[in-house]
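Colleague: I would like to walk through this protein chain with you. Can I ask my questions one at a time?

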Amino acid sequence: MIPGDYYAMGAIVLATDGSEYARRAAERAVDLAEERGEPLHVICVVDRRRFDDPALGSAELATIYAEDHAAVSIDEVIEMAEDRNVVVRGDTRHGVPHDVILEYAEEVDADVIVLGEHGDHDEHFRGVGRKVAGLADRDVEVVEAGAQ
């Protein structure tokens, strides 16, 4: 999708990982939520393929760090929207990113999912975005790395 395209009115989901690319997508999502007067639902996924559940063994500290990073990433979006007329609701979940993003969008009945072109993980968000766009039954906007 091209930024600025028309979307039906409804909730917006932003998938973030705290990367600079995700911040660009967050700026777009906050703008979109403000323009539409709709809530912004922010999801950050702790990729279960990289991190075990906290009580499963030696990966415990890495998982806790990933959860903390997810919380900070969501807080950044909340701060970004602080001086705007945007209600932000955030959630951190464990799973495979594209699956969790799609489930979350269904759960909040979102009309659009916004995410960055790349991310801070082994699989670029471009891959996640492509999967989300291919499987979603709603609009998906992948914000390009060079977008301002």
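What follows is a set of questions and answers on a predicted model.

Colleague: Let us start with confidence. What pLDDT does the chain average?

Modeller: This is a predicted model, so confidence comes before detail. Of the residues, 80% score at least 70. Over residues 1-7, though, the pLDDT is below 50. It also stays under 50 over residues 120-125. The chain average is a pLDDT of 83.

Colleague: In what order do the elements of the chain run?

Modeller: The chain has four helices and five strands. Read them from the N terminus on. The order is β-α-β-α-β-α-β-α-β.

Colleague: What share of the residues of the chain counts as buried?

Modeller: Buried means under 20% relative accessible area. Apply that cut-off to the 148 residues of the chain. The share that counts as buried is 47%.

Colleague: Now the inside. Which element gives the most to the largest nonpolar core?

Modeller: That core has 22 residues, and I12, L14, L40, V77 and V114 have the most contacts inside it. At least two core residues each come from β1 (11-15), α1 (20-36), β2 (40-47), α2 (60-81) and β4 (110-116). One element gives six residues, the most to this core: α1.

Colleague: There is a second, separate core too. How many residues does it have?

Modeller: Its members include A15, I101, L102 and V140. The core is separate from the one above. Its residue count is 17.

Colleague: Let us stay with α1. How far apart are its end C-alpha atoms?

Modeller: Helix α1 has 17 residues. At 1.5 Å a residue, α1 should span 24 Å. The model agrees with that, because the end C-alpha atoms of α1 are apart by 24 Å.

Colleague: Which elements cover the buried residues of α1?

Modeller: First, the buried residues themselves: in α1 they are A22, A25, A26, R28, A29, V30, L32, A33 and R36. Residues three or four places apart in an α-helix point the same way, because there are 3.6 residues a turn. The cover over the buried residues of α1 includes β1, β2, α2, β4 and β5 (139-143).

Colleague: R28 is on that buried list. Which residue forms a salt bridge with R28?

Modeller: Side chains of opposite charge can pair when their charged atoms come close. Here the closest N and O atoms are 2.8 Å apart. The pair links distant parts of the chain, with R28 in helix α1 and its partner in strand β5, 113 residues apart. Both residues are buried. The partner of R28 is E141.

Colleague: Where does R84, the salt-bridge partner of E34, sit?

Modeller: The closest N and O atoms of E34 and R84 are 2.8 Å apart. E34 is in helix α1, and R84 is 50 residues away. Salt bridges that share partners also join D31, E34 and R84 into one network. R84 sits in the loop between α2 and β3 (88-95).

Colleague: Is E34 buried, partly exposed or exposed?

Modeller: Buried means under 20% relative accessible area, and exposed means over 50%. E34 has a relative accessible area of 34%. That value lies between the cut-offs, so E34 is partly exposed.

Colleague: How many salt bridges does the structure hold?

Modeller: One more pair is R93 with D91, with closest N and O atoms 2.7 Å apart. R93 has a relative accessible area of 22%, and D91 has 24%. The number of salt bridges in the structure is ten.

Colleague: Now the backbone. What is the phi of D109?

Modeller: D109 lies in the loop between α3 (97-107) and β4. Most residues other than glycine have a negative phi. D109 is not a glycine, yet its phi is positive. The value is about 55 degrees.

Colleague: Is D109 buried or exposed?

Modeller: The cut-off for exposed is over 50% relative accessible area. D109 has 56%, so D109 is exposed.

Colleague: Last one. Is D47 buried or exposed?

Modeller: D47 is in strand β2. Leaving aside its neighbours within four places in sequence, D47 is in contact with G95, V96 and P97. Its relative accessibility is 11%, and the cut-off is under 20%, so D47 counts as buried.

Definitions and conventions:
Residues are numbered from 1 along each chain as its sequence is written. Side-chain values use heavy atoms; hydrogens and water are left out. A nonpolar core is a set of buried Ala, Val, Leu, Ile, Met, Phe, Trp, Tyr and Cys residues joined through side-chain atoms within 4.5 Å. Buried means under 20% relative accessible area, exposed over 50%, partly exposed in between (1.4 Å probe, protein chains only). The expected span of a helix is 1.5 Å times one less than its number of residues. Contact means heavy atoms within 4.5 Å. pLDDT is the predictor's confidence in each residue, from 0 to 100. A salt bridge is a side-chain nitrogen of Lys or Arg within 4 Å of a carboxyl oxygen of Asp or Glu.
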